[in-house]
Amino acid sequence: MMRCVWCTRTFEPPVTLQDLLRWRPLPMPALCPSCQERFIPITGAHCPACGRQQATTIRCHDCERWGAEILTNHALFQYDAGMKAYMQQYKFQGDYALRKALQAPLYQALAQQRYDVLVPIPVDQHTWLTRGFNQVTGWLRDQPFQQVLRVKADHKSQPQSAKTRAERLVTPQPFMLDTAAAKIIVNQRVLLLDDVYTTGRTLRHAASQIYLGGAKAFTSLTLAR
């Protein structure tokens, strides 16, 4: 029996014939089937620029408003009520055990990306002092990553989640390159990793610093859109 890291109920992990024939340790899911169903994956047609689920494969209205400023983002799940509840408990209430809930799908998604250097979006000093962890790196298991970006010491702002769309779009550049680590990204393909793509402003700020650091190419991956 397993105990779900979200609802804490015990459950029997489903085992398929394929699992038995592999002669490997059986999968140990962190979530019970009911909690797994609370996450809605993005499948089928989606915006090729931001990953938003939609009926067509052309750029969505939000991405068209960015004009020629292209950022290719891949997103795993829709940001709906289930994902919002998860983020509230994990990210804002600091339930670090919930990092395990999405480690497996993120691991699979990273295996499908083509990159040389993985760069998670950093958190500021205030977040470290109050929450105690970076929610993005919490999802990583044994995947190597580089802390190339840092939040500027003089950057003082309300959380992105508390801002309106208009306020997000005019947020000043919060990031700077870590001079000691920046050489790692020169002529490399960089994959930026973040939790939620909302307007894309945060990722574009990060991408501009990565570009200035000499990266050959960059894309991004988010848990939700």
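**Entry 1: a pair in helix 3**

I began with Asp62 and Arg65, which lie three residues apart in helix 3 (residues 61-65) and are therefore separated by about one helical turn. I was working on a predicted model, and in it I found that the side chains of these two residues meet in a salt bridge, with 3.7 Å from N to O. I then asked whether Asp62 is buried or exposed. Asp62 has a relative accessible area of 13% and is buried, because the cut-off for that word is under 20%.

**Entry 2: from helix 3 to the segment after strand 8**

I followed Asp62 to a second salt bridge, in which its side chain meets that of Arg225 at 3.8 Å, N to O. This pair links distant parts of the chain, since Arg225 sits in the segment after strand 8 while Asp62 belongs to helix 3, 163 residues apart. I looked up the accessibility of Arg225 as well and noted that this residue is buried, with a relative accessible area of 12%. Which residues are linked in a network of salt bridges? I listed Arg52, Asp62, Arg65 and Arg225 as its members. As a reminder to myself, I wrote that side chains of opposite charge can pair when their charged atoms come close.

**Entry 3: another salt bridge**

I counted six salt bridges in the structure, and one of those I looked up joins Arg150 to Asp178, the closest N and O atoms being 3.7 Å apart. Here too the pair links distant parts of the chain, with Arg150 in strand 5 (residues 149-151) and Asp178 in the loop between strand 6 (175-177) and strand 7, 28 residues apart. I recorded Arg150 as partly exposed, at 38% relative accessibility.

**Entry 4: the open sheet**

I turned next to the sheet, which is open and made of four strands in the order 3-8-7-4, with parallel pairing. Why is one side of strand 3 and of strand 4 left without a neighbour in the sheet? Strand 3 (73-77) and strand 4 (117-120) stand at the edges and have a single partner strand each, so one side of each has no neighbour there. From one strand to the next, I noted a twist that averages 25 degrees.

Between strand 7 (residues 189-196) and strand 8 (residues 217-224), which run parallel, I found seven bridges, and I marked Leu193 as standing opposite Leu221 in strand 8. I also saw that helix 4 (residues 81-92) lies across strand 3, strand 7 and strand 8, and that this helix runs at about 95 degrees to strand 7.

**Entry 5: Gln135**

I looked up Gln135 in helix 7 (residues 135-138) and found that Gln135 counts as buried, at 5% relative accessibility. Leaving aside residues up to four places away in sequence, Gln135 touches Tyr90, Lys91, Val123 and Asp195. The C-alpha atoms of Gln135 and Asp194 are separated by 8.8 Å, although the two residues are 59 apart along the chain. I noted too that a polar contact of 2.4 Å joins the side chains of Gln135 and Arg131.

**Entry 6: the whole protein**

I closed with the totals, starting from nine helices and eight strands in the protein. Of its 225 residues, 44% are buried, and the accessible surface comes to about 12,500 Å², with 54% of that belonging to carbon and sulfur atoms. Among contacts with a separation of 6 or more, I noted that residues 24 or more positions apart account for 71%.

Technical notes
Residues are numbered from 1 along each chain as its sequence is written. This is a predicted model: local features need pLDDT of at least 70, side-chain atom pairs count only at pLDDT 80 or more; totals for chains, interfaces and linings use all residues. Side-chain values use heavy atoms; hydrogens and water are left out. Two strands pair if DSSP finds at least two bridges between them. Helices (H or I, at least four residues) and strands (E, at least two) are DSSP runs, numbered from the N terminus. Axes are lines fitted to C-alpha atoms, for helices over the stretch in contact, and angles run from 0 to 180 degrees between N-to-C directions. Contact means heavy atoms within 4.5 Å. Buried means under 20% relative accessible area, exposed over 50%, partly exposed in between (1.4 Å probe, protein chains only). Accessible areas come from the Shrake-Rupley method with a 1.4 Å probe; for residues, only the protein chains shown count as cover. A polar contact is a pair of N or O atoms within 3.5 Å; within protein, one must be able to donate a hydrogen and the other to accept it, and residues adjacent in sequence count only if both atoms are side-chain atoms. A salt bridge is a side-chain nitrogen of Lys or Arg within 4 Å of a carboxyl oxygen of Asp or Glu.
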